[in-house]
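User: I am new to reading protein structures. Please take me through this one by way of questions and answers.

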Amino acid sequence: MDSTPAAGTPEGGGPVLGLLSRGLELWLRQQCDTIEALEIQLEGSAAQLLRGRLEGVRLKARGVVFQRLEFEQVELRSDPIQVRIGALLRSRSFQLEEAFTIRGLVVFSAAGLRRTLGTPQWHELGDQVAEELLGISPLGDLRIEEDRLILQANLAPGDPPLERAVRVRAVEGTLELRSELPEASEAELPPSEASSLRLPMDPNVQLERAALGGGLLELHGGARVLP
């Protein structure tokens, strides 16, 4: 299921720091459904790490599935982390002392978004997006063309599918989707039917920037990780 990761520790860290790196790797894999490739770099002095304090952790991962969200790529850096080093030495189990903050980016491919929105956990969100931006559900398909997301819904058998181009941006910590319509059509829409939707977001996650390009959706921001 998962490929062998490359994990890094400060030079001269010794076996305890190797244990800490492996414990963190195991903990990360336990939080996710799948991680195809993972690189971890611990930051801080050997003395700090032996006391259970990490100045920061940098990680790069590919092929990540977390809570049925399918990410093409993840790049994150954490604030300082306090770890229960005693528990790690006794049981090789990575346990957090307190919450910490991470910042970075996650990347979705169009295929990954399709698979995500096709899961039981997220299909209602896909239908909500289709209903609000296309006026019909369920969501049939999607693709990324340059800096636009193209949403598609099926109509009657034999009719061509309904398509609409959508722009994305970060607004007030969440992701806003806004459909592109011809000016005349948009002018005909009453205010209550404005073709935009802000997606619900975990309160511990703050989105700062969103961009489409190269067939990918890239989201930048931060999140609070709880013990």
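The turns below cover strands, salt bridges and a helix.

Analyst: This is a predicted model, in which local features need pLDDT of at least 70 and side-chain atom pairs count only at pLDDT 80 or more, while totals for chains, interfaces and linings use all residues. Residues are numbered from 1 along each chain as its sequence is written, and side-chain values use heavy atoms, with hydrogens and water left out.

User: How many of the 6 residues of strand β9 are buried?

Analyst: Helices (H or I, at least four residues) and strands (E, at least two) are DSSP runs numbered from the N terminus. Buried means under 20% relative accessible area, exposed over 50%, and partly exposed in between, with a 1.4 Å probe and protein chains only. Strand β9 covers residues 148–153 and is largely enclosed by the rest of the structure, because the number of its residues that are buried is 5.

User: Which residue of β9 is the bridge partner of Glu 145?

Analyst: Two strands pair if DSSP finds at least two bridges between them. Strand β8 (residues 141–145) runs antiparallel to β9, and 5 bridges join them. The hairpin of β8 and β9 has 2 residues between the strands, and Glu 146 there has a positive phi near 55 degrees. In β9, the partner of Glu 145 is Arg 148.

User: Which residue of β10 is the bridge partner of Gln 152?

Analyst: β9 also pairs with strand β10 (residues 162–171), in the antiparallel sense and over 5 bridges. In β10, the partner of Gln 152 is Glu 163.

User: Which residue's side chain meets that of Arg 29 in a salt bridge?

Analyst: A salt bridge is a side-chain nitrogen of Lys or Arg within 4 Å of a carboxyl oxygen of Asp or Glu, and the whole structure holds 19 of them. Arg 29 is buried at a relative accessible area of 15%. Its partner is 4 residues away in helix α1 (residues 14–31), a separation of about one helical turn. At 3.5 Å from N to O, that partner is Glu 25.

User: How many residues apart in sequence are the parts tied together by Arg 114 and Asp 141?

Analyst: The side chains of Arg 114 and Asp 141 form a salt bridge at 3.5 Å, N to O. Arg 114 lies in helix α4 (residues 110–117) and Asp 141 in strand β8, so the pair ties together parts whose separation in residues is 27.

User: Are Arg 53 and Glu 55 buried or partly exposed?

Analyst: Their side chains meet in a salt bridge of 2.8 Å, N to O. Arg 53 has 33% relative accessibility, and Glu 55 has 27%. Under the cut-offs, both residues count as partly exposed.

User: What arc around the axis do the buried residues of α5 cover?

Analyst: Helix α5 (residues 123–134) has 12 residues and reaches 16 Å from first C-alpha to last, close to the 16 Å expected at 1.5 Å a residue; the expected span is 1.5 Å times one less than the number of residues. Its buried residues are Leu 125, Gly 126, Val 129, Ala 130, Leu 133 and Leu 134. They lie on the same side of α5, because the arc they cover is only 140 degrees; the arc is that of the directions from the helix axis to the C-beta atoms.

User: Which residue follows α5 and has a positive phi?

Analyst: The buried residues of α5 pack against several elements, including α4, β9 and β10, where contact means heavy atoms within 4.5 Å. After α5, the residue with a positive phi, near 80 degrees, is Gly 135.
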